[in-house]
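Biologist: I have a structure open and I'd like to learn how to read its empty spaces. Can you walk me through it?

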Amino acid sequence: MPNYFALIPAAGYGSRMENQLPKQYLTLAARPMIYHAVKTLCQSHKITRVFVVLSPQDPEWQKYDWDEFSDKLTVLYCGGETRAQSVLNGLAAVPRQFTVEPNDWVLVHDAARPLLMQSQLNQLMDELAGDPVGGLLAVPVADTLKRSDANNYVRQTESREHLWQAQTPQMFRYQTLVDALNKTIHMNITDDASAIEAMGLRPRLVHCKDYNFKITYPQDLELAKLIIQKRRPQ
Ligand code: CTP
Ligand code: MG
């Protein structure tokens, strides 16, 4: 049976958050944002090991106490210029410390998606367990889509049929993902599935039915605070 590993790229600066502090360390429910993703992944019984990929100069991580996850968590200071490079550097570092088989599953999850829950994680792993390629959590596009010209005038309305917003975790076989990222590293890809697709493979979309949006802009953090508050047992 293949093992399951999780890898959390967290080497970005969060430029769209417009805050001095990289967004993965902004406070959310009395913790740094990244704590929530680390906790959900570490608590999964199926996942053997969780890797966090930080920037080589990250001064923030060590300011917090991570002892509660010490049996599962490994920190790698090898982030790169882009998300894809951070993921690839992290994947390359894994076998230096742990035995990993080519067929093992890797779940790549953004540090900036703190709302992931155990139920969504299980749904992803269960639905993809027998899949030769793997896939990702995603939500069907809900709004009407407009394509504009450079001046923000509508050029045309696009059909939203069969259109999805990609989320994470994105779950693929270790070796396939390494090969795919290596081949596409010069391309401007923003998720792992794009690299897999460029190899001619077809990731499966797993409909995520609860909140799992990425914290990108300041208002996302405000909404996430409310959702976490509401989810907490009263
Ligand atoms: N990430 C990374 N290495 C990079 C860039 C991004 O590990 N060089 C990580 C981020 O830390 C984040 C995830 O990839 O957890 C998703 O990326 P994104 O939301 O774009 O985060 P940032 O790149 O930090 O934000 P922005 O694009 O607004 O600058
Ligand atoms: Mg980015």
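Biologist: How much space lies in the largest pocket?

Modeller: The general idea comes first: rolling a probe the size of a water molecule over the atoms shows where empty space is left. In this predicted model, the largest pocket holds about 930 Å³ of space.

Biologist: Which residues lie nearest the centre of that pocket?

Modeller: Look for Gly12, Arg16, Thr82, Arg83 and Lys214, out of a lining of 36 residues. The elements giving two or more residues to that lining are strand 1, helix 2 and strand 10, which spans 164-173. Strand 10 has the largest share, with 4 residues.

Biologist: How do the lining residues divide into nonpolar, polar and charged?

Modeller: For the largest pocket you get 12 nonpolar, 16 polar and 8 charged residues.

Biologist: Strand 10 came up just now. What is the peptide bond from Thr168 to Pro169 like, cis or trans?

Modeller: For that one you read the omega angle. The bond from Thr168 to Pro169 is cis, with omega near 5°, and Pro169 is part of strand 10.

Biologist: Back to the pocket, then. Where does ligand 1 sit?

Modeller: In the largest pocket. There are 18 residues around ligand 1, and those that come nearest are Gly14, Ser15, Lys23, Ser86 and Lys214. You've met Lys214 already, among the residues nearest the pocket's centre.

Biologist: Which elements supply at least two residues of the shell around ligand 1?

Modeller: Strand 1, residues 4-10, and helix 2, residues 83-97, each do that. By type, the shell has 6 nonpolar, 6 polar and 6 charged residues.

Biologist: How should I read the polar contacts, and which atoms of ligand 1 are involved?

Modeller: Look for pairs of N or O atoms within 3.5 Å. Start with Ser86, where a polar side-chain atom lies 2.7 Å from a nitrogen atom of ligand 1. In the side chain of Arg16, an N or O atom is 2.8 Å from an oxygen atom of the ligand. Ala10 uses its backbone instead: an N or O atom there lies 3.3 Å from an oxygen atom of ligand 1.

Biologist: And how much of ligand 1 does the protein bury?

Modeller: You take the area that the ligand exposes on its own, then see what share the protein buries. Here ligand 1 alone exposes 560 Å², and the protein buries 87% of that.

Biologist: What about enclosed spaces: how many cavities of 30 Å³ or more does a search of the whole structure find?

Modeller: Just 1 of that size. The largest cavity has a volume of about 40 Å³. Its lining is Phe5, Ala6, Leu7, Phe51, Leu91, Val94, Val106 and Tyr174. Strand 1 and helix 2 each give two or more residues to this lining, with the largest share, 3 residues, coming from strand 1.

Biologist: How does that lining divide by residue type?

Modeller: The cavity's lining has 8 nonpolar residues, no polar and no charged ones.

Biologist: One last backbone feature: which residue has a positive phi although it is not a glycine?

Modeller: Check Glu18, with a phi of about 55°. You'll find Glu18 in the loop between strand 1 and strand 2, the latter being residues 27-28.

Technical notes:
Residues are numbered from 1 along each chain as its sequence is written. Chains are lettered from A and ligands numbered from 1 in the order in which they are written. This is a predicted model: local features need pLDDT of at least 70, side-chain atom pairs count only at pLDDT 80 or more; totals for chains, interfaces and linings use all residues. Side-chain values use heavy atoms; hydrogens and water are left out. A residue is near a molecule or strand if one of its heavy atoms lies within 4 Å of it. A polar contact is a pair of N or O atoms within 3.5 Å; within protein, one must be able to donate a hydrogen and the other to accept it, and residues adjacent in sequence count only if both atoms are side-chain atoms. Accessible areas come from the Shrake-Rupley method with a 1.4 Å probe; for residues, only the protein chains shown count as cover. On a 1 Å grid over the protein atoms alone, a cavity is a set of points where a 1.4 Å probe fits but cannot get out, and a pocket is an open set with protein on both sides within 12 Å along at least five of seven lines; lining residues have an atom within 4 Å of a point. A molecule sits in a cavity or pocket if more than half of its atoms lie within 2 Å of its grid points. Ala, Val, Leu, Ile, Met, Phe, Trp, Tyr, Cys and Pro count as nonpolar, Asp, Glu, Lys and Arg as charged, and the others, Gly among them, as polar. Grid points are joined across faces, edges and corners, and a volume is the space filled by probe spheres set on the points.
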